[in-house]
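Trainee: Could you take me through the contact between the two chains in some detail? Once that's clear, I'd like to hear about some spots inside the chains too.

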Protein chains: 2
Amino acid sequence: MTHPLFTKHEDTLQKALAAIETRGYWSPFSEMPSPKVYGETANADGEAAFKFHLNRTFELDQPATQETVGAEVSPFGFPLGIRYPKADANTLIDAATRAQRDWRAAGPRAWIGVSLEILSRINRASFEIGYAVMHTTGQAFMMAFQAGGPHAQDRALEAVVYAWDQLRRIPADAHWEKPQGKNPPLAMRKRYTVVPRGTGLVLGCCTFPTWNGYPGLFADLATGNTVIVKPHPGAILPLAITVRIAREVLREAGFDPNVVTLLATDPNDGALVQELAQRPEIKLIDFTGSSQNGTWLERNVHQAQVFTEKAGVNQIVIDSVDDIKSAARNIAFSLALYSGQMCTAPQNIYVPRDGIRTAEGPLSFDAVAGAIAGAVQKLVADPARAVELLGAIQNEGITQRIDEARKLGRVLAESQSLEHPAFAGARVRTPLLLQLDAASDAAQFTREWFGPISFVIATDSTAQSLDLAGAIAAEHGALTLSVYSIDDIVLEAAHEASIRGGVALSINLTGGVFVNQSAAFSDFHGTGANPAANAALADAAFVANRFRVIQSRVHVEPKAVPA
Amino acid sequence: MTHPLFTKHEDTLQKALAAIETRGYWSPFSEMPSPKVYGETANADGEAAFKFHLNRTFELDQPATQETVGAEVSPFGFPLGIRYPKADANTLIDAATRAQRDWRAAGPRAWIGVSLEILSRINRASFEIGYAVMHTTGQAFMMAFQAGGPHAQDRALEAVVYAWDQLRRIPADAHWEKPQGKNPPLAMRKRYTVVPRGTGLVLGCCTFPTWNGYPGLFADLATGNTVIVKPHPGAILPLAITVRIAREVLREAGFDPNVVTLLATDPNDGALVQELAQRPEIKLIDFTGSSQNGTWLERNVHQAQVFTEKAGVNQIVIDSVDDIKSAARNIAFSLALYSGQMCTAPQNIYVPRDGIRTAEGPLSFDAVAGAIAGAVQKLVADPARAVELLGAIQNEGITQRIDEARKLGRVLAESQSLEHPAFAGARVRTPLLLQLDAASDAAQFTREWFGPISFVIATDSTAQSLDLAGAIAAEHGALTLSVYSIDDIVLEAAHEASIRGGVALSINLTGGVFVNQSAAFSDFHGTGANPAANAALADAAFVANRFRVIQSRVHVEPKAVPA
């Protein structure tokens, strides 16, 4: 049973299958916001589409009350003024349940085809979504476009192809024939029906609403589930646009659009989310956010599969370098990018207190710390260029955390407010870099300080640095680990530490790749092997339990003739 | 990185991969206890090996206290008198942790190769294990040999091949090269290391210690985990023999045998198990047993992946038949086989109160019920033949349950004690068949009455029968559903009911296949889609989360030359 949308996108699907097998570089979505790819007027059209949303009610043809919700404020300094139709959670669950039957019966090729068509429409809306991501998360436009657009689409496609890679292994039917010696064989025809779990709940975050939200949404859809998308109250618009596109495609393909619905909320929606998450109809939950909320879901939701990405402590171990300047420049970029508001941004930088080796001779701890601090300050020296890297701080909690962190240790690089040349009210802060000591400050550096806050930590030795890195990742979680060393034995020890900590390792990054970056189809984002995430984006484990197989069997005539 | 044991068994592995793809009949292990296959003296040797275990301490070279435990009693009427070395759970966890490092580093091909070698040794011990299964579970010998031996080995191999099917998809390394326009491409070498979760805990049951215990044990081993096997206190011996073989193979292959250890216990070990299950080192739990214990694990164990098979209500819907005799004979066999002590045995048989259609005209409810009761009574009329089908009742709780059930409704077939011609003290009971009514007895038939207890339930119509079947499976769990109908519309409705109930369907079984039977590589045992089990044996979801992937990446020279 094929489907026209499956056929339409089958070539992309085949390439994606090859990509997850070889894990080399591949993407069908252009990451450059180029007029040649997206059309001459794409940027202007996208910006206009974004501006059209402001200060009005977002149109979404789904079951809703007469009320509206929404209180998004751009981190660049203005309220979005967008109101969303308020939906009743029970009504959405009922609508999803009604939509389930035909969607389920359509089968894997329809689920995959519709998912891929939604993605291709989302790709065309990359500029509109880019501006929406920018003005909800605080990402500078280029990053908002890339991470919120094509890179998020890559992660979505990755989830779809992993789903297909598992679904395609289940035969629709089988002929089973068991020999019975001299008697005729027993023969049965068996049918295998792939059955989705039910309704999925996607709980979005306020920093990467699409990048972190799409994998769960598309893994659910591609395995035949219905989905309720509950964005973070601070970043609704990117997912609202996404849901609207998904519903358009579903409707055009002849399905009940309530296969995907939006649950927009006002701030402080915790109680609502907890109640919804425990509803018996909710069988899958994909969550990105705080450890507190994620752990609550893991421990209290028993009727659903729960996939979480939570807080972690990302770390860099500096043992030795060829050239401190290029290492410091690379690290500084990682600290400054989106003001450290990435789940993959480094926080703890371990440097032996006796200094390190370099190709140009030994370098003291202070010199290493100074090189990193200097590189940060150089990166943000020109406010007009800096804001295109830093973006804006997503919320006041983060600026307050910077103030709190400032008291922890000696300031190596001060966090400063910058004026944004285009947005007068933008909340822009440069990175804060502090000096701590492994001997006395563990209580501080073993927890996440989310935002542009990082520590250069004096250790007794690289051995201690690696011990800390492995142990902290294992106990407190981590999405990234980075090591700088010119010594193969240290690199092998770093590999062992990454295994102990269950964390992905980057080695000697000094060029155009940064530890924060994770490429779909090649880099597993998260491992599922430490507390920062109980799953990876994406792998078989991320999709295999989103569906089940129901079989039937009936006797048929044997094909074989007994001897 | 290959391994000699992987190479040795690669042919079997390839055949098993083909089998799970096509899901036709296949098994490498002969289910007939034939001297031609297993050797002329295999039966006598196996029985002697079993008898050698009686009334002495089981030798197991693993960390242990000086004490011993064990209180197994054969359901055929004599205490086994076997004592097992008592192990301290903390000591076993420490030993598993020490054994983990080299086992983990050996990699997937070693895990698979060692697993397959263990299985091939276990196959050679099928008679010894068969007698051990017989005298712990109460299964008659032929069933104990087949289900406890080759069929259990099939399920183990199935878990191994599903693990390999996922493991082989993860490349050891990759070359990633991203174009940068006119600049040189970014190029990285990536390494992917498969990392097991840690230590698995297998919690065995007293009716199918090997068939239900092997899948978790071998799924854990095949994905590089260490395993503590905790048998049910009533059925230790089959798993003790298994663990001893596994340790021999591990030692011969150069690994620490504490990769697999046995935790034998005295009866009433609940508190010990709960404490062990929550230890942070335990990352995987495979449980077969009561809903109470399984649900406790699902709700209270947060640090481990928990796979459970629990209670359920298996059902048969009789709508219409060609020939009532062959249907009744097939059903009666399913009720009598191992005295209904199979998790797949039917309990509720729905028949419209107005009777059914047959090829020979209409048949009243009473005639249908009478045909089934008569077929049961005929099957067990000759005690000497009956005991080879019924086996013995595993424990006194089940005989008490028969007495309790007797009060529930009109007795269609009485449960009688039979004398076993070979074992004077054997606890043998024939099946109890009662008549209930859908209108008044739901409180009774919506729960599991484990043992030789079943109900013919009068319903208003086949539509009501199917409604009940789907709803009860969905709410209370079920592993099997069976339907008899000569009407294609009813069969399609039964298929829909099986989807609603998340339960496997068998259609018109009148010959040599019984609803209780589930064939590895073809039938999914359990679906994971209703409360009877949160996983299926076996599929991708059963293995994919037993390991994680840790990657590293480092810059290398680009292979491509920029244009």
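Mentor: Chain B and chain A bury about 5,800 Å² between them, and carbon and sulfur atoms give 52% of that area. On the chain B side, B:Y25, B:R548 and B:R553 lose the most area to chain A, together 12% of what that side buries. Keep in mind that this is a predicted model. As for who takes part, chain B puts in 71 residues and chain A puts in 71 residues.

Now the polar side of things. Across the interface there are 41 residue pairs in polar contact, both partners at pLDDT 80 or more. In chain B, strand β23 (residues 547–555) supplies the largest share of the side that touches chain A, with eight residues. That side of chain B splits into 30 nonpolar, 21 polar and 20 charged residues. The salt bridge count between chain B and chain A is twelve. One of the pairs to click on is B:K178 with A:E31, whose side chains meet at 2.9 Å, N to O.

There's strand pairing between the chains as well. Strand β23 (residues 547–555) of chain A runs parallel to strand β22 (residues 505–507) of chain B, and the two pair over three bridges. If you want a register to start from, A:S552 has B:L505 in β22(B) as its bridge partner.

On to the salt bridges inside the chains. Over all chains, the whole structure has 61 salt bridges. Take A:K86 and A:E67, which meet at 4.0 Å, N to O. That pair links distant parts of the chain, 19 residues apart: A:K86 sits in the loop between β4 (84–85) and α4 (89–106) of chain A, and A:E67 in the loop between α3 (42–53) and β1 (68–69) of chain A. Both ends are partly exposed, A:K86 at 31% relative accessibility and A:E67 at 47%.

Then look at A:R121 and A:E252, with 2.7 Å from N to O. Here the partners are 131 residues apart, A:R121 in helix α5 (residues 108–124) of chain A and A:E252 in helix α10 of chain A. A:R121 counts as buried at 18% relative accessibility, whereas A:E252 counts as exposed at 56%.

In chain B, try B:R447 and B:E404, with their closest N and O atoms 3.9 Å apart. B:R447 is in the loop between α17 (442–445) and β20 (453–459) of chain B and B:E404 is in helix α16 (residues 396–405) of chain B, so the salt bridge ties together parts 43 residues apart in sequence. B:R447 is partly exposed at 38% relative accessibility, and B:E404 is partly exposed at 39%. Back in chain A, salt bridges with shared partners join A:K8, A:E117, A:R121 and A:E252 into one network.

Two loop residues to finish. A:A253 lies between α10 (237–252) and β9 (260–262) of chain A, and is partly exposed, with a relative accessible area of 26%. Its C-alpha is 8.5 Å from that of A:L5, although the two are 248 residues apart in sequence. A:Q347 is in the loop between α13 (324–336) and β14 (348–352) of chain A, and is buried, with a relative accessible area of 4%. A polar atom of the A:Q347 side chain lies 2.7 Å from the backbone nitrogen of A:W449. Beyond its neighbours within four places in sequence, A:Q347 has contacts that include A:V313, A:F445 and A:I453.

How values were computed: Residues are numbered from 1 along each chain as its sequence is written. Chains are lettered from A and ligands numbered from 1 in the order in which they are written. This is a predicted model: local features need pLDDT of at least 70, side-chain atom pairs count only at pLDDT 80 or more; totals for chains, interfaces and linings use all residues. Side-chain values use heavy atoms; hydrogens and water are left out. Contact means heavy atoms within 4.5 Å. Buried area is the accessible area (1.4 Å probe) that two parts lose on being put together, summed over both. A polar contact is a pair of N or O atoms within 3.5 Å; within protein, one must be able to donate a hydrogen and the other to accept it, and residues adjacent in sequence count only if both atoms are side-chain atoms. Helices (H or I, at least four residues) and strands (E, at least two) are DSSP runs, numbered from the N terminus. Ala, Val, Leu, Ile, Met, Phe, Trp, Tyr, Cys and Pro count as nonpolar, Asp, Glu, Lys and Arg as charged, and the others, Gly among them, as polar. Two strands pair if DSSP finds at least two bridges between them. Buried means under 20% relative accessible area, exposed over 50%, partly exposed in between (1.4 Å probe, protein chains only).
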